[in-house]
Amino acid sequence: MFGNEARRAVAWMNGCEGDPKLPVGSIETRTLTVVPSPSKAMERLNVAIRELKCSPPPLTSGILRLQVPIEEQIEAIEWLHPQHDNLPRCFFSGRRSRANRNGFNLLMDIGNENGDTSFTNNLVGVAGVGSAVFFQQLHPFSYHDWRSIKRFLSPKCPLIRAYGAIRFDATANISPEWKAFGSFCFMVPQVEFDELEGSSMLATTIAWDNALSWTWDEAIRSLETTMQQIASVVVKLKKEASGESILSKTHVPNKTHWDLAVKKALQAINTSTSELVKVVLARSSRILTATNIDPIAWLACLQVEGEDAYQFCLQPPNGPAFVGNTPELLFHRKWLSISSEALAATRARGESRALDLQIEHDLLSSPKDHLEFTVVRENIQNKLEYVVWFCHMLAVHSQGYI
(Lines give C-alpha, C1' and ligand atoms only; values in the text may rest on other atoms or scores of the structure.)
Protein backbone atom coordinates (compact mmCIF):
# COMPACT_ATOMS: atom_id res chain seq x y z
CA MET A 1 0.00 0.00 0.00
CA PHE A 2 1.44 3.33 -1.05
CA GLY A 3 0.01 6.71 -0.06
CA ASN A 4 0.03 9.85 -2.15
CA GLU A 5 -0.70 13.39 -0.98
CA ALA A 6 -0.77 14.83 -4.52
CA ARG A 7 -4.35 13.77 -5.34
CA ARG A 8 -6.82 16.26 -6.66
CA ALA A 9 -10.61 16.31 -6.61
CA VAL A 10 -11.96 14.97 -9.90
CA ALA A 11 -15.51 14.03 -10.79
CA TRP A 12 -16.05 10.52 -12.14
CA MET A 13 -19.19 8.59 -13.05
CA ASN A 14 -20.10 5.88 -10.54
CA GLY A 15 -21.96 3.19 -12.48
CA CYS A 16 -23.37 1.65 -9.29
CA GLU A 17 -25.69 4.64 -8.88
CA GLY A 18 -27.67 3.81 -12.03
CA ASP A 19 -30.49 1.38 -12.70
CA PRO A 20 -28.87 -1.92 -13.72
CA LYS A 21 -32.09 -3.05 -15.40
CA LEU A 22 -31.85 -0.30 -18.02
CA PRO A 23 -29.52 -1.27 -20.91
CA VAL A 24 -26.83 1.14 -22.07
CA GLY A 25 -27.79 2.78 -25.34
CA SER A 26 -24.68 1.68 -27.24
CA ILE A 27 -21.56 -0.44 -26.59
CA GLU A 28 -19.04 -0.14 -29.41
CA THR A 29 -15.34 -0.65 -30.24
CA ARG A 30 -13.71 1.11 -33.19
CA THR A 31 -10.27 0.00 -34.37
CA LEU A 32 -8.21 2.63 -36.18
CA THR A 33 -5.28 2.00 -38.52
CA VAL A 34 -1.98 0.61 -37.27
CA VAL A 35 0.79 3.08 -36.28
CA PRO A 36 4.51 2.56 -35.52
CA SER A 37 4.72 4.15 -32.04
CA PRO A 38 2.76 5.32 -28.95
CA SER A 39 3.26 8.98 -29.91
CA LYS A 40 1.63 8.34 -33.30
CA ALA A 41 -1.17 6.47 -31.55
CA MET A 42 -1.76 9.51 -29.33
CA GLU A 43 -1.98 11.74 -32.41
CA ARG A 44 -4.44 9.38 -34.09
CA LEU A 45 -6.64 9.20 -30.98
CA ASN A 46 -6.66 12.97 -30.46
CA VAL A 47 -7.83 13.45 -34.04
CA ALA A 48 -10.56 10.85 -33.54
CA ILE A 49 -11.71 12.54 -30.31
CA ARG A 50 -11.96 15.92 -32.05
CA GLU A 51 -14.06 14.31 -34.78
CA LEU A 52 -16.34 12.79 -32.15
CA LYS A 53 -16.90 16.22 -30.61
CA CYS A 54 -18.20 17.46 -33.96
CA SER A 55 -20.65 14.57 -34.31
CA PRO A 56 -21.89 13.44 -30.86
CA PRO A 57 -24.06 10.31 -30.76
CA PRO A 58 -27.84 10.84 -30.44
CA LEU A 59 -28.02 8.61 -27.35
CA THR A 60 -28.51 9.36 -23.66
CA SER A 61 -26.09 6.61 -22.58
CA GLY A 62 -23.34 4.50 -24.04
CA ILE A 63 -19.73 3.40 -23.94
CA LEU A 64 -17.31 3.73 -26.85
CA ARG A 65 -13.74 2.42 -27.14
CA LEU A 66 -11.31 3.78 -29.73
CA GLN A 67 -8.22 1.59 -30.15
CA VAL A 68 -5.06 2.04 -32.19
CA PRO A 69 -2.78 -0.98 -32.81
CA ILE A 70 0.97 -0.25 -32.47
CA GLU A 71 3.51 -2.24 -34.46
CA GLU A 72 6.09 -2.30 -31.65
CA GLN A 73 5.72 -4.47 -28.54
CA ILE A 74 6.04 -2.22 -25.49
CA GLU A 75 5.62 -3.30 -21.89
CA ALA A 76 2.44 -1.97 -20.35
CA ILE A 77 4.18 -1.23 -17.06
CA GLU A 78 6.80 0.91 -18.82
CA TRP A 79 4.03 2.95 -20.47
CA LEU A 80 2.32 3.39 -17.09
CA HIS A 81 5.43 4.48 -15.18
CA PRO A 82 5.75 8.06 -16.57
CA GLN A 83 2.02 8.77 -16.32
CA HIS A 84 0.74 11.29 -13.77
CA ASP A 85 -0.21 9.72 -10.45
CA ASN A 86 -2.96 12.27 -9.74
CA LEU A 87 -5.36 10.11 -11.75
CA PRO A 88 -6.77 6.66 -10.91
CA ARG A 89 -4.51 3.92 -12.27
CA CYS A 90 -4.63 0.18 -12.71
CA PHE A 91 -2.28 -2.53 -13.94
CA PHE A 92 -2.81 -6.26 -14.40
CA SER A 93 -0.35 -8.76 -15.83
CA GLY A 94 -0.65 -12.48 -16.39
CA ARG A 95 2.10 -15.05 -15.98
CA ARG A 96 5.02 -14.39 -18.29
CA SER A 97 6.87 -17.70 -18.04
CA ARG A 98 6.72 -19.60 -21.32
CA ALA A 99 6.32 -22.78 -19.30
CA ASN A 100 2.90 -21.48 -18.25
CA ARG A 101 1.85 -20.28 -21.69
CA ASN A 102 -0.77 -23.02 -21.88
CA GLY A 103 -2.00 -22.41 -18.34
CA PHE A 104 -4.54 -19.92 -17.06
CA ASN A 105 -4.05 -16.31 -18.05
CA LEU A 106 -6.29 -13.79 -16.34
CA LEU A 107 -6.08 -11.45 -19.32
CA MET A 108 -6.50 -13.83 -22.25
CA ASP A 109 -9.34 -16.18 -21.45
CA ILE A 110 -12.27 -13.88 -22.20
CA GLY A 111 -13.15 -14.44 -25.85
CA ASN A 112 -16.25 -16.14 -27.21
CA GLU A 113 -17.84 -16.89 -30.55
CA ASN A 114 -19.46 -13.45 -30.69
CA GLY A 115 -16.44 -11.32 -29.85
CA ASP A 116 -13.29 -10.27 -31.66
CA THR A 117 -10.47 -12.38 -30.19
CA SER A 118 -7.74 -11.15 -32.55
CA PHE A 119 -6.28 -9.00 -29.76
CA THR A 120 -7.51 -10.73 -26.59
CA ASN A 121 -5.89 -14.08 -27.38
CA ASN A 122 -2.36 -12.65 -27.10
CA LEU A 123 -2.87 -10.08 -24.34
CA VAL A 124 0.10 -9.98 -21.94
CA GLY A 125 -0.50 -6.96 -19.70
CA VAL A 126 -2.89 -4.04 -19.30
CA ALA A 127 -2.27 -0.56 -17.85
CA GLY A 128 -4.99 2.04 -17.40
CA VAL A 129 -5.16 5.73 -16.45
CA GLY A 130 -8.27 7.72 -15.61
CA SER A 131 -11.76 6.33 -15.22
CA ALA A 132 -14.39 6.29 -17.96
CA VAL A 133 -16.74 4.77 -15.39
CA PHE A 134 -16.01 3.33 -11.95
CA PHE A 135 -18.00 1.10 -9.64
CA GLN A 136 -17.66 1.53 -5.90
CA GLN A 137 -19.78 1.31 -2.75
CA LEU A 138 -19.32 0.87 1.00
CA HIS A 139 -21.83 -1.97 1.23
CA PRO A 140 -20.79 -5.56 0.39
CA PHE A 141 -20.64 -6.44 -3.31
CA SER A 142 -24.08 -7.62 -4.43
CA TYR A 143 -25.93 -8.96 -7.45
CA HIS A 144 -27.19 -5.41 -8.06
CA ASP A 145 -23.58 -4.17 -8.27
CA TRP A 146 -22.62 -7.04 -10.57
CA ARG A 147 -25.45 -6.09 -12.92
CA SER A 148 -24.39 -2.43 -12.77
CA ILE A 149 -20.94 -3.43 -14.06
CA LYS A 150 -22.27 -5.86 -16.65
CA ARG A 151 -24.52 -3.10 -17.98
CA PHE A 152 -21.47 -1.39 -19.54
CA LEU A 153 -19.91 -4.60 -20.94
CA SER A 154 -20.63 -6.77 -23.95
CA PRO A 155 -19.17 -9.98 -25.46
CA LYS A 156 -18.99 -8.09 -28.76
CA CYS A 157 -16.45 -5.69 -27.21
CA PRO A 158 -14.23 -8.02 -25.13
CA LEU A 159 -11.57 -5.39 -24.41
CA ILE A 160 -14.02 -3.03 -22.70
CA ARG A 161 -13.52 -4.39 -19.19
CA ALA A 162 -13.76 -3.32 -15.58
CA TYR A 163 -10.58 -3.93 -13.57
CA GLY A 164 -10.64 -4.00 -9.79
CA ALA A 165 -11.02 -5.96 -6.58
CA ILE A 166 -13.44 -6.89 -3.78
CA ARG A 167 -12.69 -6.95 -0.05
CA PHE A 168 -12.26 -10.36 1.55
CA ASP A 169 -14.51 -9.40 4.45
CA ALA A 170 -16.83 -6.53 3.61
CA THR A 171 -18.40 -6.65 7.09
CA ALA A 172 -15.17 -5.83 8.94
CA ASN A 173 -14.20 -2.28 9.87
CA ILE A 174 -12.26 -0.49 7.13
CA SER A 175 -8.84 0.74 8.24
CA PRO A 176 -7.84 4.26 7.09
CA GLU A 177 -5.55 3.13 4.25
CA TRP A 178 -8.39 1.15 2.62
CA LYS A 179 -11.19 3.73 2.83
CA ALA A 180 -10.64 5.00 -0.71
CA PHE A 181 -11.34 1.49 -2.04
CA GLY A 182 -14.67 0.97 -0.28
CA SER A 183 -16.00 -2.59 -0.13
CA PHE A 184 -15.16 -3.00 -3.80
CA CYS A 185 -13.59 -0.89 -6.50
CA PHE A 186 -13.67 -1.47 -10.27
CA MET A 187 -12.88 0.90 -13.12
CA VAL A 188 -13.03 1.00 -16.91
CA PRO A 189 -9.91 3.04 -17.81
CA GLN A 190 -10.22 6.23 -19.81
CA VAL A 191 -6.84 5.63 -21.44
CA GLU A 192 -5.57 2.06 -21.69
CA PHE A 193 -2.34 0.52 -22.93
CA ASP A 194 -2.46 -3.15 -23.92
CA GLU A 195 0.77 -5.13 -24.17
CA LEU A 196 0.38 -7.89 -26.74
CA GLU A 197 2.66 -10.66 -27.93
CA GLY A 198 4.67 -8.95 -30.65
CA SER A 199 2.75 -5.66 -30.67
CA SER A 200 0.85 -3.17 -28.49
CA MET A 201 -2.31 -1.10 -28.52
CA LEU A 202 -3.38 2.28 -27.11
CA ALA A 203 -7.07 2.92 -26.49
CA THR A 204 -9.46 5.48 -25.04
CA THR A 205 -12.90 4.77 -23.65
CA ILE A 206 -15.79 7.23 -23.30
CA ALA A 207 -18.79 6.34 -21.12
CA TRP A 208 -21.80 8.55 -20.51
CA ASP A 209 -25.25 8.27 -18.97
CA ASN A 210 -27.60 11.24 -18.61
CA ALA A 211 -29.47 9.40 -15.85
CA LEU A 212 -26.26 9.51 -13.79
CA SER A 213 -25.79 13.24 -14.50
CA TRP A 214 -22.79 12.45 -16.70
CA THR A 215 -23.54 13.59 -20.23
CA TRP A 216 -21.62 12.98 -23.45
CA ASP A 217 -20.21 16.51 -23.32
CA GLU A 218 -18.91 16.00 -19.76
CA ALA A 219 -17.44 12.62 -20.67
CA ILE A 220 -15.62 13.95 -23.73
CA ARG A 221 -14.25 16.96 -21.79
CA SER A 222 -13.03 14.65 -19.03
CA LEU A 223 -11.28 12.45 -21.60
CA GLU A 224 -9.62 15.47 -23.22
CA THR A 225 -8.33 16.58 -19.80
CA THR A 226 -6.88 13.15 -19.17
CA MET A 227 -5.33 12.93 -22.64
CA GLN A 228 -3.52 16.24 -22.02
CA GLN A 229 -1.76 14.60 -19.07
CA ILE A 230 -0.73 11.40 -20.88
CA ALA A 231 2.97 11.03 -21.63
CA SER A 232 3.58 9.46 -25.05
CA VAL A 233 7.31 8.85 -24.47
CA VAL A 234 8.09 5.42 -23.01
CA VAL A 235 11.36 5.10 -21.09
CA LYS A 236 12.90 1.71 -20.35
CA LEU A 237 12.68 0.83 -16.65
CA LYS A 238 15.80 -0.44 -14.89
CA LYS A 239 13.69 -2.83 -12.78
CA GLU A 240 16.26 -2.78 -9.99
CA ALA A 241 15.58 -2.18 -6.31
CA SER A 242 16.77 1.30 -5.37
CA GLY A 243 17.57 0.42 -1.75
CA GLU A 244 15.45 3.06 -0.02
CA SER A 245 16.61 4.19 3.42
CA ILE A 246 14.18 2.99 6.11
CA LEU A 247 13.47 5.48 8.90
CA SER A 248 11.17 3.28 10.97
CA LYS A 249 9.46 -0.09 10.89
CA THR A 250 6.44 -1.05 13.00
CA HIS A 251 4.78 -4.48 13.16
CA VAL A 252 1.31 -5.20 14.52
CA PRO A 253 1.37 -7.46 16.41
CA ASN A 254 4.97 -7.12 17.61
CA LYS A 255 7.16 -10.17 18.29
CA THR A 256 5.98 -10.62 21.88
CA HIS A 257 2.31 -10.62 20.95
CA TRP A 258 3.05 -12.75 17.87
CA ASP A 259 4.65 -15.45 20.03
CA LEU A 260 1.67 -15.33 22.38
CA ALA A 261 -0.72 -15.71 19.44
CA VAL A 262 1.19 -18.76 18.14
CA LYS A 263 1.15 -20.34 21.62
CA LYS A 264 -2.57 -19.70 22.01
CA ALA A 265 -3.31 -21.18 18.57
CA LEU A 266 -1.31 -24.33 19.34
CA GLN A 267 -3.11 -24.76 22.63
CA ALA A 268 -6.45 -24.49 20.88
CA ILE A 269 -5.46 -27.02 18.21
CA ASN A 270 -4.17 -29.50 20.82
CA THR A 271 -7.39 -29.37 22.83
CA SER A 272 -9.24 -32.62 22.29
CA THR A 273 -12.63 -30.89 22.02
CA SER A 274 -11.47 -28.25 19.54
CA GLU A 275 -12.56 -28.33 15.90
CA LEU A 276 -9.63 -26.08 15.03
CA VAL A 277 -6.99 -27.82 12.87
CA LYS A 278 -5.18 -24.94 11.16
CA VAL A 279 -4.52 -21.28 11.91
CA VAL A 280 -3.02 -18.76 9.48
CA LEU A 281 -1.49 -15.85 11.36
CA ALA A 282 -0.76 -12.49 9.77
CA ARG A 283 0.61 -9.12 10.74
CA SER A 284 0.54 -5.56 9.49
CA SER A 285 3.85 -3.81 8.83
CA ARG A 286 4.13 -0.05 8.44
CA ILE A 287 7.45 1.09 6.96
CA LEU A 288 8.49 4.74 6.73
CA THR A 289 11.17 5.52 4.14
CA ALA A 290 13.31 8.62 3.67
CA THR A 291 11.85 9.21 0.20
CA ASN A 292 8.57 8.30 -1.46
CA ILE A 293 8.52 4.87 -3.10
CA ASP A 294 7.22 4.77 -6.66
CA PRO A 295 4.67 1.89 -6.61
CA ILE A 296 4.96 1.28 -10.36
CA ALA A 297 8.77 1.07 -10.23
CA TRP A 298 8.54 -1.35 -7.30
CA LEU A 299 5.98 -3.47 -9.12
CA ALA A 300 8.34 -3.62 -12.12
CA CYS A 301 11.04 -5.04 -9.82
CA LEU A 302 8.58 -7.64 -8.51
CA GLN A 303 7.74 -8.55 -12.09
CA VAL A 304 11.37 -9.60 -12.65
CA GLU A 305 11.33 -11.79 -9.54
CA GLY A 306 8.06 -13.56 -10.35
CA GLU A 307 7.65 -14.64 -13.96
CA ASP A 308 5.22 -17.33 -12.80
CA ALA A 309 3.22 -14.82 -10.77
CA TYR A 310 0.42 -12.35 -11.39
CA GLN A 311 1.14 -8.65 -10.83
CA PHE A 312 -1.45 -5.98 -10.18
CA CYS A 313 -1.82 -2.36 -9.16
CA LEU A 314 -5.09 -0.68 -8.27
CA GLN A 315 -5.26 3.01 -7.42
CA PRO A 316 -8.79 4.44 -7.09
CA PRO A 317 -9.66 8.15 -7.41
CA ASN A 318 -8.11 10.11 -4.53
CA GLY A 319 -6.63 6.95 -3.00
CA PRO A 320 -3.33 5.16 -2.40
CA ALA A 321 -1.88 2.43 -4.61
CA PHE A 322 -2.43 -1.25 -3.79
CA VAL A 323 0.18 -3.46 -5.49
CA GLY A 324 0.71 -7.20 -5.41
CA ASN A 325 2.73 -10.07 -6.86
CA THR A 326 1.19 -13.49 -6.25
CA PRO A 327 1.89 -16.97 -7.64
CA GLU A 328 -1.59 -18.19 -6.66
CA LEU A 329 -4.67 -18.28 -8.82
CA LEU A 330 -7.33 -18.65 -6.14
CA PHE A 331 -9.98 -19.48 -8.69
CA HIS A 332 -10.53 -19.15 -12.43
CA ARG A 333 -14.04 -19.10 -13.89
CA LYS A 334 -15.12 -19.35 -17.49
CA TRP A 335 -18.86 -19.63 -17.89
CA LEU A 336 -19.84 -22.35 -15.37
CA SER A 337 -16.40 -24.00 -15.18
CA ILE A 338 -14.32 -23.14 -12.10
CA SER A 339 -10.77 -24.25 -11.25
CA SER A 340 -8.41 -23.39 -8.40
CA GLU A 341 -4.62 -23.27 -8.01
CA ALA A 342 -4.45 -22.29 -4.33
CA LEU A 343 -1.11 -23.34 -2.80
CA ALA A 344 -0.49 -25.14 0.47
CA ALA A 345 2.30 -27.31 1.88
CA THR A 346 5.08 -25.92 -0.30
CA ARG A 347 8.87 -26.25 -0.47
CA ALA A 348 11.60 -24.18 -2.11
CA ARG A 349 13.00 -25.67 -5.33
CA GLY A 350 16.32 -27.52 -5.20
CA GLU A 351 19.48 -26.52 -7.05
CA SER A 352 19.51 -29.76 -9.04
CA ARG A 353 17.08 -32.33 -10.47
CA ALA A 354 18.15 -34.89 -7.87
CA LEU A 355 17.58 -32.45 -5.00
CA ASP A 356 14.19 -31.54 -6.48
CA LEU A 357 13.16 -35.20 -6.41
CA GLN A 358 14.28 -35.56 -2.81
CA ILE A 359 12.31 -32.46 -1.77
CA GLU A 360 9.30 -33.77 -3.66
CA HIS A 361 9.47 -37.08 -1.81
CA ASP A 362 9.78 -35.33 1.57
CA LEU A 363 6.79 -33.15 0.78
CA LEU A 364 4.58 -36.02 -0.35
CA SER A 365 5.46 -38.19 2.65
CA SER A 366 5.03 -35.51 5.32
CA PRO A 367 1.89 -36.04 7.47
CA LYS A 368 1.95 -32.37 8.52
CA ASP A 369 2.04 -31.08 4.94
CA HIS A 370 -0.59 -33.59 3.85
CA LEU A 371 -2.91 -32.32 6.58
CA GLU A 372 -2.24 -28.68 5.64
CA PHE A 373 -3.05 -29.32 2.01
CA THR A 374 -6.18 -31.28 2.90
CA VAL A 375 -7.49 -28.43 5.05
CA VAL A 376 -6.96 -25.89 2.27
CA ARG A 377 -8.39 -28.19 -0.43
CA GLU A 378 -11.57 -28.95 1.52
CA ASN A 379 -12.04 -25.33 2.53
CA ILE A 380 -11.77 -24.12 -1.06
CA GLN A 381 -14.04 -26.91 -2.26
CA ASN A 382 -16.74 -25.81 0.19
CA LYS A 383 -16.36 -22.19 -0.88
CA LEU A 384 -16.47 -23.06 -4.59
CA GLU A 385 -19.65 -25.08 -4.15
CA TYR A 386 -21.34 -21.81 -3.18
CA VAL A 387 -19.61 -19.94 -6.03
CA VAL A 388 -20.84 -22.55 -8.54
CA TRP A 389 -24.37 -22.11 -7.27
CA PHE A 390 -24.08 -18.32 -7.43
CA CYS A 391 -22.64 -18.40 -10.96
CA HIS A 392 -25.46 -20.70 -12.02
CA MET A 393 -27.98 -18.19 -10.74
CA LEU A 394 -26.19 -15.38 -12.58
CA ALA A 395 -26.19 -17.41 -15.80
CA VAL A 396 -29.90 -18.08 -15.49
CA HIS A 397 -30.69 -14.40 -14.91
CA SER A 398 -28.35 -13.19 -17.68
CA GLN A 399 -29.45 -15.74 -20.31
CA GLY A 400 -26.15 -17.57 -20.35
CA TYR A 401 -23.62 -14.74 -20.65
CA ILE A 402 -21.38 -13.83 -17.72
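**Exercise 1. Helix α1**

Task: State which residues of α1 are buried, and work out where on the helix they lie.

Solution. Step 1: the buried residues of α1 are Pro38, Ala41, Met42, Leu45, Ala48, Ile49 and Leu52. Here buried means under 20% relative accessible area, exposed over 50%, and partly exposed in between, with a 1.4 Å probe and protein chains only. Helices (H or I, at least four residues) and strands (E, at least two) are DSSP runs, numbered from the N terminus.

The model is predicted: local features need pLDDT of at least 70, side-chain atom pairs count only at pLDDT 80 or more, and totals for chains, interfaces and linings use all residues. Residues are numbered from 1 along each chain as its sequence is written, and side-chain values use heavy atoms, with hydrogens and water left out.

Step 2: viewed down the axis of α1, the buried residues fall within an arc of 130°, so they line one face of the helix. The arc is that of the directions from the helix axis to the C-beta atoms. An α-helix has 3.6 residues a turn, so residues three or four places apart point the same way.

Step 3: the face turned away from the buried side carries the exposed residues Glu51 and Cys54.

Step 4: the buried residues of α1 pack against β1 (27-31), β2 (61-70), β8 (191-196), β9 (200-209) and α4 (216-228). Contact means heavy atoms within 4.5 Å.

Step 5: check the length. At 1.5 Å a residue, the 17 residues of α1 should span 24 Å, and the end C-alpha atoms are 25 Å apart, which agrees. The expected span is 1.5 Å times one less than the number of residues.

**Exercise 2. The sheet of 8 strands**

Task: Give the strand order of the open sheet of 8 strands, then place the helices that pack on it.

Solution. Step 1: the order is β1-β2-β9-β8-β4-β3-β12-β13, and the pairing is mixed. Two strands pair if DSSP finds at least two bridges between them.

Step 2: β1 and β13 are the edge strands, each pairing on one side only. From one strand to the next, the twist averages 15°.

Step 3: β1 and β2 pair in the parallel sense over 5 bridges. Threonine 29 has arginine 65 in β2 as its bridge partner.

Step 4: helix α6 (residues 295-305) packs on the sheet, touching β3 (89-93), β12 (310-315) and β13, and its direction makes about 170° with that of β12. Axes are lines fitted to C-alpha atoms, for helices over the stretch in contact, and angles run from 0 to 180 degrees between N-to-C directions. Helix α4 lies across β4 (123-129), β8 and β9, running at about 150° to β9.

**Exercise 3. The sheet of 3 strands and phenylalanine 135**

Task: Describe the open sheet of 3 strands, then the surroundings of phenylalanine 135.

Solution. Step 1: the strand order is β5-β7-β6, with antiparallel pairing. The edge strands, β5 (133-137) and β6 (163-166), each pair on one side only. The twist averages 5° from one strand to the next.

Step 2: 5 bridges join β5 to the antiparallel strand β7 (residues 184-188). Valine 133 has valine 188 in β7 as its bridge partner.

Step 3: leaving aside neighbours within four places in sequence, the contacts of phenylalanine 135 include Ser148, Ile149, Phe152, Phe184 and Val188. Of these, Ser148 and Ile149 are buried in helix α3 (residues 143-150).

Step 4: Phe135 is among the residues with the most contacts inside the largest nonpolar core, which has 69 residues. A nonpolar core is a set of buried Ala, Val, Leu, Ile, Met, Phe, Trp, Tyr and Cys residues joined through side-chain atoms within 4.5 Å. Helix α1 (residues 38-54) gives this core its largest share, 6 residues. A second, separate core of 6 residues includes Ile338, Ala344, Ile380 and Leu384.

**Exercise 4. Backbone exceptions**

Task: Find where the cis peptide bond lies, and where serine 213, with its positive phi, is placed.

Solution. Step 1: recall the background. Most residues other than glycine have a negative phi, and most peptide bonds are trans.

Step 2: the cis bond joins valine 252 and proline 253, with omega about 5°. Proline 253 is in the loop between β10 (246-252) and α5 (255-270).

Step 3: serine 213 has a positive phi of about 60° although it is not a glycine. Serine 213 sits in the loop between β9 and α4 and is exposed, with a relative accessible area of 58%.
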